[in-house]
Amino acid sequence: MLQSLSCRCGRLAISRPISSGGIVKNIIRSNSNKTEKDNSTGSSPPIDENGLYYGKFTKEEYDSAAKFVKEQYGRLEQDIKGDFNIRENLGKVPQFPQRDAKGSTKVKDLTDLFAQTIKTTGPISLSAYIRQCLTHPEFGYYTTRDPIDTRSGDFITSPEISSIFGEMIGIWLFTVWQSQNSPSNIKIIEFGPGRGTLMHDVLSSFNKFIFKSRKSVKIQINLIEASKVLRLEQWKTLCGEKNSFNTTEEGFNSSKTIWHNDIKWLDTEKDVSNEPGVANYVLAHEFFDALPIKSFQRAEEGWREFLVEHTPSVVNTQPKLASSPSEREPQDIDHELLETEFHLTLSKKETPSSLIPNLNTRFKDQPVGSRIEVCSEAELYIMKMLQLLDNSKGLGAVLVIDYGLADQVPENSLRGIYKHKFVSPFIIPGEVDLSVDVDFGNLVQLASKHCSVYGPIEQGDWLHNIGIGYRVDQLIKQNEGNSEKQEKVYNSYRRLTDKDERSMGKIYKFLGLLPNDSQPPIGFNESL
Ligand code: SAH
């Protein structure tokens, strides 16, 4: 303020910050003092006819300077109070949620919810936007549909391409379990189980090996799932219609699987209990990419947060569409769907969240202008997963599978996927899948303080290391005479393991976390 005044109005030398006591009066007073001094030297400028003394300025100069200062002062006052002085404007300030013509205060959809919220509070954080888009109970993307449905879904995932994928993970789990002296009481916990397909294929293959090993094991299943729609799909896949879908006294959904295991659905990682004498095995396939991020840009003075602003009809070019190849991320871009009502805006000032990157040494050498995405929820989830490992007894394991960068901080990866097309993450909120690249480097850094870390390793390599090739050969031989089936098996294998832009072998990574001093698990022979 002080600087801008002296630059813009060089002749008005104000030597201290403006107080709220009336700047014009201050100028007059300070100039009056000067007059007394000047008078004593005998060169006294005239006193104006209005009785006021303007020092060396003409009245016009003085008026224009005073007007300028008054404006600046008004602006400063507004900066401090916000656009509205709430106390003076009670009743006129927009309220949230607004009443419609019928007096109802219900919001219509997420566009309405965000528009009203932003009008009331100003731009909102990106993580709040993503959280509501994905799991708002009434309007969220995951909470209101089955996004992986083969006919109406927006994307396809590895377990849905072929059951071989889950089978390989079942083999991995069996060998880890065996290497831990085959604990007789275990819990398999899956975060974000989609349609339940991966758990189904893992359990089929795991149970087959258990049966062959003639060991007995009690298996409980926990699924962490935000969506009621998908919970029902998971129940159909894993329990069959005969085992009813119940709600326990504590309010958790529960049932029995077709293999007679107790199965329970939980809302968040906080609901997973660590039971003594039970070894926990955790799976998370395409879960971390669906967690909300915050986005920041480095300014001279520190990190500044990107916020979501409401401005109808903005052509939005977020995200960097060209650099995100994967099965889940179709290549076609619908340019019409880049027109949005919402867009990102960079906060000019520090927000409370700026502390996250400001305090993190990982980001301290990033140059001015660089951009980063930070996922605090991923940190909470990974910490919970680590707590489920038993370092003292050497029991348990975590397998995270997702797309993302092995050792780079994601910069600008947030993307929208709608009807198998890339779209802006800011169109029709709640109708579009939002996902980000997973920051594996961060997960590794956090985990390595607590356990043994394996990977991340590319999906194609992991699957080959486990022996997908043998299984594919076997299936092709078993289907001799059925060329259609053989082709299907072969094509699925290529989609899962090839490393070109349209396949999943390179972009998806496997990360294994095991108790300290464990035997190295199969699959991770080479890491990136
Ligand atoms: N693993 C599955 C589904 C991936 S889609 C597959 O690969 O096919 C993401 C899954 O995570 C969905 O089941 C979605 O409903 C669930 N999900 C997303 N955010 C969640 C959250 N915050 N808490 C619990 N589940 C969530």
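**Notes on the salt bridges and one buried serine**

1. Asp461 and Lys499 pair up through their side chains in a salt bridge, at 2.9 Å from N to O. Asp461 sits in helix 13 (residues 459–466) and Lys499 in the loop between helix 15 and strand 18, so this contact ties together parts 38 residues apart in sequence. Asp461 is partly exposed at 21% relative accessible area, and Lys499 is partly exposed too, at 37%. Bear in mind that this is a predicted model.

2. That same loop also supplies Lys506, placed between helix 15 (483–497) and strand 18 (508–514). Lys506 makes a salt bridge with Glu458, 3.3 Å from N to O. Glu458 belongs to strand 17 (residues 452–458), so the pair joins parts 48 residues apart in sequence. Glu458 counts as buried, because its relative accessibility is 9% and the cut-off for buried is under 20%. Lys506, at 41%, is partly exposed.

3. Then there's Arg131 with Glu377: a salt bridge whose closest N and O atoms are 2.8 Å apart. Arg131 is in helix 5 (residues 126–135) and Glu377 in helix 11 (residues 376–387), so here the parts tied together are 246 residues apart in sequence. Arg131 is partly exposed at 23%, as is Glu377 at 24%.

4. For the wider count, the whole structure holds 20 salt bridges. Worth a look: Asp146, Arg195, Glu233 and Lys236 are linked in a salt-bridge network.

5. Away from the charged pairs, check Ser424, in the loop between strand 14 (421–423) and strand 15 (433–435). Ser424 is buried, at 0% relative accessible area, and its side chain reaches the backbone nitrogen of Phe426 at 2.9 Å.

Note on methods
Residues are numbered from 1 along each chain as its sequence is written. This is a predicted model: local features need pLDDT of at least 70, side-chain atom pairs count only at pLDDT 80 or more; totals for chains, interfaces and linings use all residues. Side-chain values use heavy atoms; hydrogens and water are left out. Helices (H or I, at least four residues) and strands (E, at least two) are DSSP runs, numbered from the N terminus. Buried means under 20% relative accessible area, exposed over 50%, partly exposed in between (1.4 Å probe, protein chains only). A polar contact is a pair of N or O atoms within 3.5 Å; within protein, one must be able to donate a hydrogen and the other to accept it, and residues adjacent in sequence count only if both atoms are side-chain atoms. A salt bridge is a side-chain nitrogen of Lys or Arg within 4 Å of a carboxyl oxygen of Asp or Glu.
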